[in-house]
Amino acid sequence: MRKLAGIVTAVVVAAGMAACGTEDEGGSASSPDEIVIGSIHPLTGPLAGAGQQMDQGAQMAVKDINEAGGIEALGGADLVLSSGDSKGDAETGQSEAQRLIDDGAVALVGTYQSDVTLNVASVSERSRVPFVIDVAVDDQILEQGYQNTFRIQPNASSMGQEGADRLVEIADGSGEKVDSVAYIHEDSSFGTSVFDAFKKQAESEGISVAKEVTYTATNFSDATTQVREAAAANPDVIVGTGYYPDQLLVAKAVKALSPDIQALYGVANGAFDDENFSNDAGAAGAGVLSANYHYDAASDRTQEIRERFEQEYGSPMQTASVLSYQAVEVIAKALEEGGSADPGELRDAISQVSVDDPLLAFDGPIEFDETGQNTNATVVVMQVKGESVEQVAPAEFETTEASYPAFRG
C-alpha cells in the first residue's frame with residue numbers, strides 16, 4: 001500500500017479541523033456533524049447531460065448513506081455533497097477542485113474527462129486530499145506517482161487491450177475474421193490513449209489499423225467526413241472512441257453512408273451503450289457493439305438503485321452515474337473503517353478498502369493497487385438489440401448472445 005508522504009498543507013489542516021471537529025477539554029477529538037465531499041463534473045456545456053447525471057448519482061449516494069444512519073464510526077455524521085462545475089474545461093476543473101478543498105471538502109469525486117481529471121489529480125496531490133475517480137480512462141493520470149488519487153473504472157490500456165481481444169473473440173465465435181479496422185476517435189488524451197492501446201493489441205493479434213481518423217469533440221456537428229475517410233480504407237470494422245454527442249453523429253453517419261463492414265464497434269465509447277442511444281440513433285443504433293465498463297445488469301442491488309434513481313430524476317441511470325454513486329460509497333466505507341475524516345487518514349483507509357458488492361460488472365471487489373487503480377475493473381461488451389442494451393461478453397456477464405456480423409447498411 002502507498003504511504004502518505006510530505007507535510008500536510010495549511011489548507012488541509014484547516015479542512016481537516018473543520019471536518020473532524022474540535023478537541024474537548026479532555027483532549028479527544030469530537031465527531032464531526034457533517035463531512036463534506038466535493039463532486040466535480042461538467043454541469044454546463046456540451047457534456048452537461050452526462051455531468052449532471054453523475055452529480056445526481058453522487059447526491060443520491062449521500063442521501064442513501066445519511067438515511068441509513070450516516071457514518072456510524074464518526075457518531076452518525078452526515079455526508080454533504082458540494083458540487084463544482086468543470087464546464088468541460090481542464091483549468092476550470094482545477095480551480096473548482098481548489099475551491100471545494102478550501103471550503104472544507106475532505107475528499108473529491110469526478111470528473112468524466114481525462115484532461116480535467118489530470119488537473120484535479122494535481123490539486124488533490126498538492127493539497128493531500130484523496131480523490132476517487134469515477135470516470136476518466138487515461139493511463140497517465142495514475143502514472144505521476146501520486147499518492148492521493150484512486151480510479152474505480154478500467155484504465156485506457158485495459159480498455160484498448162480487452163476491447164481488441166473481445167472483438168476477436170466475438171468474430172471468431174461467429175465464424176468471421178477481422179483483418180483490418182478503421183478507428184475514429186476524439187483527439188484529446190482520452191481518445192488517443194484508448195486508440196494507442198487498442199492498436200498495439202490488435203496488431204499483436206494480426207489485425208491492421210488501416211486508418212486512424214481524429215476529430216475535436218467540441219463544436220462537432222457532422223461526422224460524415226470522418227466516416228467517409230474511415231470507410232475509404234475498406235476495413236472489416238469501424239471502431240469509435242469519444243463522447244455521447246460526437247459518437248452519436250458517427251453512428252448516424254455510418255448508417256447514412258452504409259459502408260461494407262462487419263460491425264460498428266465502440267471502445268470506451270460514451271454513446272453506444274448509453275440507454276438513450278437506441279432511441280436517439282434510431283435505425284443507426286441497431287446491432288452496434290460497445291466494449292466498456294458497465295453497471296452489473298444481474299445485480300439486484302444495482303437494479304434497485306437504478307429504479308429509484310429513475311423515479312427520483314426522471315431518466316435512466318447510466319453507468320457513469322452508477323460509478324459516481326459507487327465513488328461516494330468507497331469514501332463512506334473508508335470513513336467507517338478508518339474512523340477519521342482527516343484527509344490523510346482517509347486517504348490511507350481508501351488505499352486499503354475492499355468493496356465486496358460492486359455495482360459494476362467487475363471480476364471481484366473494488367480494491368486499489370499501489371498506483372491507485374482498481375485491480376478488478378472489467379471490460380464488458382454490450383450490443384444494442386431493439387430498444388435494449390444487452391451484455392454479450394464475457395460469458396460470466398452475458399445477458400444474451402452477440403449477433404455478428406452486426407452491421408446492416
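**Group meeting talk: a walk through a predicted model**

Let's start with one residue, Tyr-404. Setting aside residues up to four places away in sequence, Tyr-404 touches Leu-167, Ile-170, Ala-171, Ser-174, Glu-176, Val-178, Val-237, Gln-262, Ala-263 and Leu-289. Please keep in mind that we are looking at a predicted model.

Where does Tyr-404 belong? Together with Leu-79, Phe-198 and Tyr-265, Tyr-404 touches the most other members of the largest nonpolar core, which has 83 residues. Helix H11, residues 319–338, gives this core its largest share, 11 residues. There is also a second, separate core of 30 residues, and Leu-248, Val-250, Val-254 and Leu-264 are among its members. As a general point, nonpolar side chains tend to be buried together in soluble globular proteins.

One more thing about Tyr-404: a cis peptide bond joins it to Pro-405, with omega at about 0 degrees. Pro-405 sits in the segment after strand S12, which covers 388–393. Another cis peptide bond links Gly-110 and Thr-111, again with omega at about 0 degrees. You will find Thr-111 in the loop between strand S3 (107–110) and helix H4.

A quick word on confidence. The average pLDDT of the protein is 92, and 93% of the residues score at least 70. Over residues 1–29, though, the pLDDT is below 50, and this stretch has 56 contacts in the model beyond near neighbours in sequence. Where pLDDT is low, the predicted coordinates should not be read in detail.

Now to the strands, beginning with S9, residues 263–267. Is S9 buried or exposed? In S9, 5 of the 5 residues are buried, so the strand is largely enclosed by the rest of the structure. Ala-263, Tyr-265 and Val-267 point one way from S9, while Leu-264 and Gly-266 point the other way, and all are buried.

S9 has a strand partner in S8, residues 237–241: these two pair in the parallel sense over 4 bridges. For a concrete example, take Gly-240, whose bridge partner in S9 is Gly-266. To get from S8 to S9 the chain passes through helix H8, residues 244–257, and this β-α-β crossover is right-handed. S9 also runs parallel to strand S10, residues 289–292, with 3 bridges joining them. Here Val-267 has Ala-291 as its bridge partner in S10.

Let's pause on H8. This helix has 14 residues and spans 20 Å from its first C-alpha to its last, close to the 20 Å expected at 1.5 Å a residue. Which residues of H8 are buried? They are Tyr-244, Asp-246, Gln-247, Leu-248, Val-250, Ala-251, Ala-253 and Val-254. If you look at the spacing of those numbers, remember that an α-helix has 3.6 residues a turn, so residues three or four places apart point the same way. The cover over the buried residues of H8 includes strands S6 and S7, helix H7, S8, S9 and helix H9. Right after H8 comes Ser-258, with a positive phi near 50 degrees.

Two of those covering strands are partners as well. S6 and S7 pair in the parallel sense over 7 bridges, and Ile-184 has Val-213 as its bridge partner in S7. The chain goes from S6 through helix H6, residues 189–204, to S7, and this β-α-β crossover is right-handed. Nearer the start of the numbering, S1 (residues 34–41), helix H2 (residues 48–67) and S2 (residues 78–85) also make a right-handed β-α-β unit. S1 and S2 pair in the parallel sense over 8 bridges.

Next, helix H4, residues 114–127. H4 is mostly covered, with 10 of its 14 residues buried. Val-116, Leu-118, Val-120 and Glu-125 are among the buried residues. H4 is followed by Arg-128, whose phi is positive, near 60 degrees, although Arg-128 is not a glycine. Arg-128 has 17% relative accessibility, so it counts as buried, the cut-off being under 20%.

Finally, let's compare two residues in the loop between H7 and S8. Asn-234 lies in that loop, and its phi is positive, about 55 degrees, although it is not a glycine. Asn-234 is exposed, with a relative accessible area of 63%. Asp-236 is found in the loop too, but with a relative accessible area of 19% Asp-236 is buried. What does Asp-236 contact, leaving aside neighbours within four places in sequence? Its contacts are Lys-177, Val-178, Asp-179, Ser-180, Ile-261, Gln-262 and Ala-263.

Notes: Residues are numbered from 1 along each chain as its sequence is written. This is a predicted model: local features need pLDDT of at least 70, side-chain atom pairs count only at pLDDT 80 or more; totals for chains, interfaces and linings use all residues. Side-chain values use heavy atoms; hydrogens and water are left out. A nonpolar core is a set of buried Ala, Val, Leu, Ile, Met, Phe, Trp, Tyr and Cys residues joined through side-chain atoms within 4.5 Å. Buried means under 20% relative accessible area, exposed over 50%, partly exposed in between (1.4 Å probe, protein chains only). Contact means heavy atoms within 4.5 Å. pLDDT is the predictor's confidence in each residue, from 0 to 100. Two strands pair if DSSP finds at least two bridges between them. A crossover is right-handed if, with the strands pointing away from the viewer, the path from the first strand over the helix to the second runs clockwise. The expected span of a helix is 1.5 Å times one less than its number of residues.
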